[in-house]
Amino acid sequence: MALKVKLSERVYWLGFNDRRKHLFENQWPLEKGVTYNAYLIDDEKTALIDTAEAPFSGELVDWIQELLGEKTLDYLIINHMEPDHSGAIKEVVQAYPNVIIVGNRKTFPILEGFYGITKNLHEVSEGDNLNLGKHTLQFFMIPMVHWPESMVTYDVTDKILFSNDAFGSFGTLNGGVFDDELDLTCFNEEIRRYYSNIVGKYGAQVQKALSKLSGIEIKLIAPSHGLIWRSQIPYIIEKYNNWSTHKGEPGVVVVFGSMYGNTERMADYIARFLIEAGVKNVKVYDSAKTHTSYIINDIWKYKGVIFGSCAYNGGIFPPMAHLMSDLEHYGLRERYLGVFGSASWGGGGVRAITKFADEIKWDLVGESVEARCAPSVSDVERCREIANAMAAKLLDSKQ
Ligand code: FEO
């Protein structure tokens with residue numbers, strides 16, 4: 001029996017909780033799982049908006065058939081071709097061979113590339129309408145949020161925005177589907193981790209999409225992953241606005257790479273000194289232990305960052321290099337950075353972090369400290385100076 005939830009009189013959420021997959025896109029840990037949200041509109045003409053990952057194909061087709069009964073599926077609307085949403089297209093087309101596939105100019109080459117489908121295509125452009133009877137759908141392009149063919153579908157009749165990856169989240173829906181049916185505080189970390197790691201690179205495009213959609217009345221935002229926004233629409237739009245313009249909240253993320261504990265000890269001193277200097281939110285991560293997606297999630301939230309590394313073969317500790325490479329790839333801006341580390345026999349960690357700061361154009365705060373091996377009393381005092389300088393910057397920027 002279909003796991004369906006009504007969004008309005010004729011609009012259904014058909015969602016799949018994936019608790020088995022370990023890595024999203026084969027790289028992001030899914031401790032809390034993920035959902036694939038498809039939507040069905042049962043009007044005079046029927047339409048399915050997006051599908052699901054391939055393992056859920058059979059169930060999705062069963063559910064559509066159960067809901068539509070004798071009726072056929074007239075339209076399959078493809079907001080996004082990434083296989084986490086397009087994985088069931090072939091099975092849907094096999095079940096409904098006359099279904100018309102709705103996409104834009106950039107959708108169809110990818111459709112053919114992945115699934116060899118070239119027939120029954122209906123191309124739409126910016127602002128085009130599709131009438132289903134009672135419902136009219138309108139299409140808006142949101143390129144690179146998060147692939148070039150990405151678009152959103154707006155139900156003009158019920159004011160529902162089918163927003164594709166935008167406003168989506170990691171995490172399964174455990175009974176609650178709408179934002180007011182669940183504890184949002186449990187979801188916030190996974191919403192931002194999804195944004196920062198999946199969409200974050202495309203902040204400028206998110207800004208364009210927000211601006212484009214700002215003029216339409218929205219009663220529901222129905223994304224392709226995670227919860228449906230109903231009561232907290234201004235909240236999530238404000239978050240997207242802040243995250244896509246790289247605004248950071250007061251707080252500091254201290255991340256270290258340490259082999260024998262000396263750099264880690266310096267991180268602990270700095271964290272304590274930050275608190276003593278009045279910083280309220282301090283997070284400390286071991287780059288070798290925590291997946292970069294969680295660290296980047298917090299760096300996207302907080303304005304202050306302090307990186308430390310031991311030396312490793314004359315360079316930086318590899319997990320720190322990995323983290324910095326990811327951050328450069330995403331192009332996060334507007335951060336303060338403090339630098340510390342331990343040189344042992346050759347150094348290299350502090351030098352690499354300083355070079356990173358220059359390349360990513362973060363604002364260096366305080367004077368870097370590099371202990372020769374174990375931190376001396378004077379090294380610890382210099383750690384305090386970095387913490388104080390960071391606190392001063394953050395307290396300043398709060399005003
Ligand atoms: Fe959820 Fe970009 O696919």
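Across the whole structure, a search finds one cavity of 30 Å³ or more. The model examined here is a predicted one. The volume of the largest cavity comes to about 70 Å³.

The lining of this largest cavity can be followed along the chain. Ile142, Val145 and Val152 are among the residues that line the cavity, as are Ala166 and Phe167. Further along the numbering, Val206, Ala209, Leu210, Leu213 and Tyr240 also belong to the lining. Among the contributing elements, helix α6, which spans residues 203-213, gives the most to the lining, with four residues. In chemical character, the residues lining the largest cavity divide into 10 nonpolar, no polar and no charged.

A second site of interest is Thr157. This residue is placed in the loop that runs between strand β12 (151-155) and strand β13 (160-164). Thr157 counts as partly exposed because its relative accessibility is 30%, a value that falls between the limits of 20% for buried and 50% for exposed.

The surroundings of Thr157 include residues from elsewhere in the sequence. Leaving aside residues up to four places away in sequence, Thr157 touches Lys134, His135 and Thr136. With Lys134 there is also a polar approach: a polar atom of the Thr157 side chain lies 3.1 Å from the backbone oxygen of Lys134.

Finally, Thr157 may be placed relative to Ala271. The two residues are separated by 114 residues in sequence, and their C-alpha atoms are 53 Å apart in space.

Definitions and conventions
Residues are numbered from 1 along each chain as its sequence is written. This is a predicted model: local features need pLDDT of at least 70, side-chain atom pairs count only at pLDDT 80 or more; totals for chains, interfaces and linings use all residues. Side-chain values use heavy atoms; hydrogens and water are left out. On a 1 Å grid over the protein atoms alone, a cavity is a set of points where a 1.4 Å probe fits but cannot get out, and a pocket is an open set with protein on both sides within 12 Å along at least five of seven lines; lining residues have an atom within 4 Å of a point. Grid points are joined across faces, edges and corners, and a volume is the space filled by probe spheres set on the points. Helices (H or I, at least four residues) and strands (E, at least two) are DSSP runs, numbered from the N terminus. Ala, Val, Leu, Ile, Met, Phe, Trp, Tyr, Cys and Pro count as nonpolar, Asp, Glu, Lys and Arg as charged, and the others, Gly among them, as polar. Buried means under 20% relative accessible area, exposed over 50%, partly exposed in between (1.4 Å probe, protein chains only). Contact means heavy atoms within 4.5 Å. A polar contact is a pair of N or O atoms within 3.5 Å; within protein, one must be able to donate a hydrogen and the other to accept it, and residues adjacent in sequence count only if both atoms are side-chain atoms.
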